Amino acid sequence: VLNILAKGLPVAAVEEESIASEMEIEPGDRILSIDGREINDIIDFQYYTAEMEFTLLIEKAGGEIWELEIERSEGEYLGLEVETVGCGGLKTCQNNCVFCFVAQLPPGLRKSLYDKDDDYRLSLTQGSFITLTNLSEEEFGRIIKYHLSPLYISVHAWNPEIRFKLMRNPRAAALPEQLERLAAAGITFHAQIVLVPGYNDGLILKETVERLSGFWPALQSIAVVPVGLTGYRQGLVALRSFQPAEARQILAEGMIWQNKFQKRYACHLVYFSDEFYTLAGVAFPAPEIYDDFPQLENGVGIGAKFAAEMESVWGLLPAVLAKRTVHVVTGISAGCFIRHRLDRLKSQIIGLNITLHVVSNLFFGETVTVAGLLTAEDLAGQLGDLKGEEFLIPCTMLNADSLFLDNQSIAWLEERVKGRAVVVEINGVAFLESILGYRLQEVSSDESTGCSYCGAS
Ligand code: SF4
């Protein structure tokens, strides 16, 4: 009995008026087995609850063991959300990448930020990138048996020696065979390439993109993102960022590949992160270039989508507004893009007083330019006294618990800057509505597609 009690998968949430709530299953209960089979993670759970009838053994929070006979009809949901993994915990990364962002974090941040998860189950449930270097043969077989798709795979380089050099793990060299095996089993995947000058750019990148493209349609997309370097690289391998001219060259070559793939596969297949365009100092491409935006959460296409969303409601903007003052806060990488649009707004709407605050990242170092990595301390230090006025911050600056990266709260920031914060989802329509202070209802209710970052609407 003690052995059983140490196991199981925690229930995260129970839907009201569902089979699970009728059975009085509650968040915090642990699912021990289904039809006598041990349940260790969400994969087990989904597989065994696909049946119409099964016996659920759960441990209640108080330690009681309940055996529940479940019977459901076709299309009827159990109404249970479970954690991704049980007491076995998440699989952690076995690599030591030269560009690892976790290794360049300053000390003193919340503990979870230093976690180096590399878990195929998170890839499936949250779209986290995995490297495949820590998979046992049994786990690889499980991915194939349960047809776990799509996976999100950090490729970085096709060439085994280069991938090994980047990830400093001999198992990194096995990628080509692993991808062959996944594709042959019908598993689909999205790929990511973190591009590091002098390591995997130039001909290495060309080879990686070309080889990966051969896996289409198992391969669904390739995202190329530039290496991110913080000011905390003491004792680490010396790396540098890309220069604007290099970024322009990469994008120019990328356009050739995109055109080729568009003709070959009817999709552009390879996409470059927004950071490459801002670094190169060129405008984001048309939204069509991103097809169905397969890697938005990886920072690929957010700017183009945001701009298109703004344009979709631009005709509804008023010519005059009763006096309104608002501050917009962003990071350096989006500064130019936002400034251009705010200038257009200001010239179009009489009575609208907008101030843009482009905040530098002093916490991580000024090489980190995205808004989502700004801390409350940096905002407080650079916004000044807002005299009780409203300021808009993107939701990407906050963690799931609504705290900033440095654990400060919105209330703390409001007090420091003497202003009223409005958290805005990453959506062009929502952004305009927050600036105006009212909803562009006719359009937003039907056409707003929610937050580009987290999907919330
Ligand atoms: S896979 Fe590489 S970059 Fe990712 S956490 Fe591990 S060491 Fe860091």
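# A walk through the predicted structure

K60 sits in the loop that runs between β4 (53-59) and β5 (65-71). This loop is a good place to begin. The model is a predicted one, and every value below is computed from it.

Is K60 buried or exposed? K60 counts as buried, because its relative accessibility is 8% and the cut-off for buried is under 20%. The side chain of K60 has a partner. A polar contact of 2.6 Å joins it to the side chain of D29. D29 also appears among the residues that K60 touches. Leaving out residues up to four places away in sequence, the others are E24, I25, E26 and W66.

Strand β4 also holds L57. What does L57 touch, apart from its neighbours within four places in sequence? One group of contacts is R30, I31, L32 and S33. Another is I65, W66 and E67. W66 is thus in contact with L57, and W66 is touched by K60 as well. L57 can also be placed relative to E38. The two are 19 residues apart in sequence. In space, their C-alpha atoms are 9.5 Å apart.

Now move to strand β8, residues 189-195. F189 belongs to this strand. F189 is buried because its relative accessible area is 0%. Which residues surround it, once neighbours within four places in sequence are set aside? F189 is in contact with L151, I153 and L179. It is also in contact with F215, A218, L219, Q220 and S221. Take F215 from that list. F189 and F215 are 26 residues apart along the chain. Their C-alpha atoms are separated by 9.4 Å.

Helix α7 spans residues 175-184, and Q178 lies in it. Q178 counts as buried because its relative accessibility is 11%. Beyond the residues up to four places away in sequence, Q178 touches L132 and F140.

Next comes the ligand. Which residues are around it? They are C93, N95, C97, F99, C100, K116 and T131. By type, this shell divides into 4 nonpolar, 2 polar and 1 charged. C100, one of the shell residues, is buried, because its relative accessibility is 13%. C87 makes a contrast in accessibility. At 49%, C87 counts as partly exposed, since exposed begins only over 50%.

The cysteines raise a further point. A disulfide is a covalent bond between the sulfur atoms of two cysteines. How many disulfides does the model have? The count comes to 0.

Salt bridges are another matter. A search of the whole structure finds 18 of them. Three pairs and one network serve as examples here.

Start with R240 and E246. These two form a salt bridge, with the closest N and O atoms 2.7 Å apart. R240 is partly exposed, because its relative accessible area is 40%. E246 also counts as partly exposed, at 22% relative accessibility.

The second pair lies within one helix. K305 and E309 meet in a salt bridge of 2.9 Å, N to O. Why are they about one helical turn apart? K305 and E309 are 4 residues apart in helix α11 (residues 302-313), so about one helical turn separates them. K305 counts as buried, with 14% relative accessibility. E309 counts as buried too, at 9%.

The third pair is R416 and E377. Their salt bridge has its closest N and O atoms 3.5 Å apart. This pair links distant parts of the chain. R416 is in helix α14 (residues 410-417), E377 is in helix α13 (residues 376-383), and their positions lie 39 residues apart in sequence numbering. R416 counts as partly exposed at 39% relative accessibility. E377 is partly exposed as well, with a relative accessible area of 39%.

Last comes the network. Which residues does it link? Salt bridges join D41, D44, D119, R121 and R142 into a network.

Key:
Residues numbered from 1 in each chain as written. Predicted model: local features only at pLDDT ≥ 70, side-chain atom pairs only at ≥ 80, totals over all residues. Heavy atoms only, no water. Disulfide = S-S within 2.5 Å. Buried < 20%, exposed > 50% of the residue type's maximum accessible area, 1.4 Å probe, protein only. Near = heavy atom within 4 Å. Nonpolar A, V, L, I, M, F, W, Y, C, P; charged D, E, K, R; others polar. Helix = DSSP H or I, 4+ residues; strand = E, 2+ residues; numbered from the N terminus. Polar contact = N/O pair within 3.5 Å; in protein donor to acceptor, adjacent residues only side chain to side chain. Contact = heavy atoms within 4.5 Å. Salt bridge = Lys/Arg side-chain N within 4 Å of Asp/Glu carboxyl O.
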